[in-house]
Amino acid sequence: MNELAVLDFIQEHLTGGMGDVLMPAISFLGNGGMIWIILALVLLLIPKKRREGLAVVIGLLAMLLLCNIILKQVVGRPRPFDVNTAVKLLVKPPSDYSFPSGHTCAAVTAAAALFFRKSRLWLPIAVAAALMGFSRLYLYVHYPTDVLGGALLGILCGWIGSIVCDQIMKEKSSAGVEQKNRI
């Protein structure tokens, strides 16, 4: 089954009614990664959650570089609505390339960073990430492999965020010990 057939199946059998309201709203929350940036900032403001917030921030920066700046440009995949122009979009058509899904990548990055930091917040964020990915298929703005690629890259970026966060905290801790030893 080709990818347009999957998207056409969703259009024929799953669209309409409340989904036509919910899916654009879910997708809108991911525009520019704002919901995930807000999540990271809120976590940074909570002293016991600062490491989780830092891991999400670092993961999102890795995601921005790898997904939006490098991969989308290198792959240059057209959007499904550019291939099948008969579909009426429920959202403003994105102007960048299709692969990988940036919305999915950012959402999974946040979930993965929280997972690798062993935060219980990862599960509800992972559910939101799954909904985000499905919304991109529902809205006919991404192919299934765009969403899958975004999810896999998001796991990598979340892992990078967690690893780099650990390294920063280790260096900060070492610097603090050195400072105490000088006194």
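# Exercises on a predicted model

Cysteine 165 is buried, with a relative accessible area of 0%, in a structure that is a predicted model.

**Exercise 1. Which disulfides, if any, does the structure hold, and how far is the sulfur of cysteine 165 from the closest cysteine sulfur?**

Solution. A disulfide is a covalent bond between the sulfur atoms of two cysteines, and the cut-off applied here is a sulfur pair within 2.5 Å. For cysteine 165, the closest cysteine sulfur belongs to cysteine 157 and lies 15 Å away, which is too far for a bond. The structure as a whole holds 0 disulfides. Cysteine 67 is accordingly in no disulfide, its nearest cysteine sulfur being that of cysteine 105, at 4.4 Å. Cysteine 67 is also buried, with a relative accessible area of 0%.

**Exercise 2. Describe helix 4: where does it run, how far does it reach, and where is its kink centred?**

Solution. Begin with the limits, which are residues 50-75. These 26 residues reach 35 Å from the first C-alpha to the last, close to the 38 Å expected at 1.5 Å a residue. Next, locate the bend: a kink of about 25 degrees is centred on leucine 64. Then consider burial, for which the buried residues of helix 4 include Leu54, Ile58, Met63 and Cys67, whereas leucine 61, in the same helix, is exposed, with a relative accessible area of 54%. Finally, look just past the end of the helix, where glycine 76 follows with a positive phi near 60 degrees.

**Exercise 3. Find the backbone geometry at lysine 118, tyrosine 140 and proline 100, and decide whether lysine 118 and tyrosine 140 are buried or exposed.**

Solution. The background is that most residues other than glycine have a negative phi, and most peptide bonds are trans. Lysine 118, in the loop between helix 6 and helix 7, has a positive phi of about 65 degrees although it is not a glycine. Tyrosine 140, in the loop between helix 7 and helix 8, likewise has a positive phi, near 65 degrees. Their accessibilities are then read separately: lysine 118 counts as exposed because its relative accessibility, 74%, is over 50%, while tyrosine 140 counts as buried because its value, 0%, is under 20%. For proline 100, which lies in the loop between helix 5 and helix 6, the peptide bond from phenylalanine 99 is cis, with omega near -10 degrees.

**Exercise 4. Which residues make the nonpolar surface patch of about 630 Å²?**

Solution. The patch is made by Met34, Ile37, Ile38, Leu41, Val42, Leu45 and Ile46. Isoleucine 46 lies in the loop between helix 3 and helix 4 and is partly exposed, with a relative accessible area of 38%.

Note on methods. Residues numbered from 1 in each chain as written. Predicted model: local features only at pLDDT ≥ 70, side-chain atom pairs only at ≥ 80, totals over all residues. Heavy atoms only, no water. Helix = DSSP H or I, 4+ residues; strand = E, 2+ residues; numbered from the N terminus. Buried < 20%, exposed > 50% of the residue type's maximum accessible area, 1.4 Å probe, protein only. Expected span 1.5 Å × (residues − 1). Bend = angle between axes of the 7 residues up to and from the residue. Patch = residues over 30% accessible without salt bridge, like charges linked within 9 Å, V, L, I, M, F, W, Y side chains within 5 Å. Areas by Shrake-Rupley, 256 points an atom, 1.4 Å probe, with all protein chains shown as cover. Salt bridge = Lys/Arg side-chain N within 4 Å of Asp/Glu carboxyl O.
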